Amino acid sequence: DFFQKYMFQVGAIQQRKEYVRLLTAGFLHGDMMHLLFNMMTLWFFGPLVIEYFGNLGFLLVYIGSLLLGNLFSLFI
């Protein structure tokens, strides 16, 4: 139920105006391998992004990527 409530679904976003899904879908993972790959990527590249942009910049890049990526998917 939790996964279904917060996953990216075009109909729910467009018809029921559930815009929170644009953000929450970025924190859901299809399976453990997907989660493991994302955490490994964050482990390797997170410190580089923080070094370049700082802590607040990292957060803005992270949240901005989630939102813009899902907006792109929504309009495609």
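Here are five short exercises, each with a worked solution, on a predicted model of a protein chain.

**Exercise 1. The overall layout**

Work out how many helices and strands the chain has, and in what pattern they follow one another.

*Solution.*
- Step 1: Start with the secondary structure, which comes to four helices and zero strands.
- Step 2: Now walk along the sequence, and you will read the pattern α-α-α-α.
- Step 3: Add the dimensions: the C-alpha trace spans about 40 × 25 × 20 Å along its principal axes.
- Step 4: Finish with burial and contacts. Of the 76 residues in the chain, 17% are buried. Among contacts between residues at least 6 apart in sequence, 47% join residues at least 24 apart.

**Exercise 2. Arg21 and its surroundings**

Decide whether Arg21 is buried or exposed, and find what its side chain reaches.

*Solution.*
- Step 1: Locate the residue: Arg21 belongs to helix α3, which covers residues 21–24.
- Step 2: Check the accessibility. Arg21 has a relative accessibility of 4%, and buried means under 20%, so Arg21 counts as buried.
- Step 3: Follow the side chain of Arg21 to the backbone oxygen of Met7, which it reaches at 2.7 Å.
- Step 4: Look at the other neighbours. Leaving out residues up to four places away in sequence, Arg21 touches several residues, including Tyr6, Ile13, Arg16 and Asn70.
- Step 5: Turn to one of these partners, Asn70, in helix α4 (residues 32–75). Asn70 is also buried, because its relative accessibility of 14% falls under 20%. Beyond its neighbours within four places in sequence, Asn70 is in contact with Phe8, Arg21, Leu22, Ala25 and Gly26.

**Exercise 3. An aromatic pair**

Classify the way the rings of Tyr52 and Phe53 are arranged, and say how accessible each residue is.

*Solution.*
- Step 1: Recall what you need: a pair of aromatic rings is described by the distance of the centres and the angle of the planes.
- Step 2: Count the aromatic pairs in the model, and you reach four.
- Step 3: Take the pair of Tyr52 and Phe53, with 4.8 Å centre to centre and 85 degrees between the planes. Planes over 60 degrees apart count as edge-to-face, so this pair is edge-to-face.
- Step 4: Compare the accessibilities. Tyr52 has a relative accessible area of 68% and is exposed, whereas Phe53, at 47%, is partly exposed.
- Step 5: Look elsewhere for a cluster: Phe27, Phe58 and Tyr62 form one.

**Exercise 4. The largest pocket**

Find out which residues lie nearest the centre of the largest pocket, and what classes of residue line it.

*Solution.*
- Step 1: Begin with the volume of the largest pocket, about 270 Å³.
- Step 2: Examine the lining of 14 residues, where Asn38, Thr41, Leu42, Phe58 and Tyr62 lie nearest the centre.
- Step 3: Sort the lining by class, and you get eight nonpolar, six polar and no charged residues.
- Step 4: Link back to Exercise 3: Phe58 and Tyr62 are in the aromatic cluster with Phe27.

**Exercise 5. His34 and its contacts**

Describe where His34 sits and which residues it touches.

*Solution.*
- Step 1: Place His34 in helix α4.
- Step 2: Read its relative accessibility, 35%, which makes His34 partly exposed.
- Step 3: List the contacts. Not counting residues up to four places away in sequence, His34 touches Leu28 and His29.
- Step 4: Add a polar atom of the His34 side chain, which lies 3.2 Å from the backbone nitrogen of Gly30.
- Step 5: Set a distance beside these contacts: His34 and Gly11 are 23 residues apart in sequence and 24 Å apart in space, C-alpha to C-alpha.

Conventions. Residues numbered from 1 in each chain as written. Predicted model: local features only at pLDDT ≥ 70, side-chain atom pairs only at ≥ 80, totals over all residues. Heavy atoms only, no water. Phe/Tyr/Trp six-rings, centres within 6.5 Å; stacked < 30°, edge-to-face > 60°. Buried < 20%, exposed > 50% of the residue type's maximum accessible area, 1.4 Å probe, protein only. Helix = DSSP H or I, 4+ residues; strand = E, 2+ residues; numbered from the N terminus. Polar contact = N/O pair within 3.5 Å; in protein donor to acceptor, adjacent residues only side chain to side chain. Contact = heavy atoms within 4.5 Å. 1 Å grid on protein atoms, 1.4 Å probe; cavity = no way out; pocket = protein on both sides within 12 Å on 5 of 7 lines; lining within 4 Å. Points joined across faces, edges and corners; volume = space filled by probe spheres on them. Nonpolar A, V, L, I, M, F, W, Y, C, P; charged D, E, K, R; others polar.
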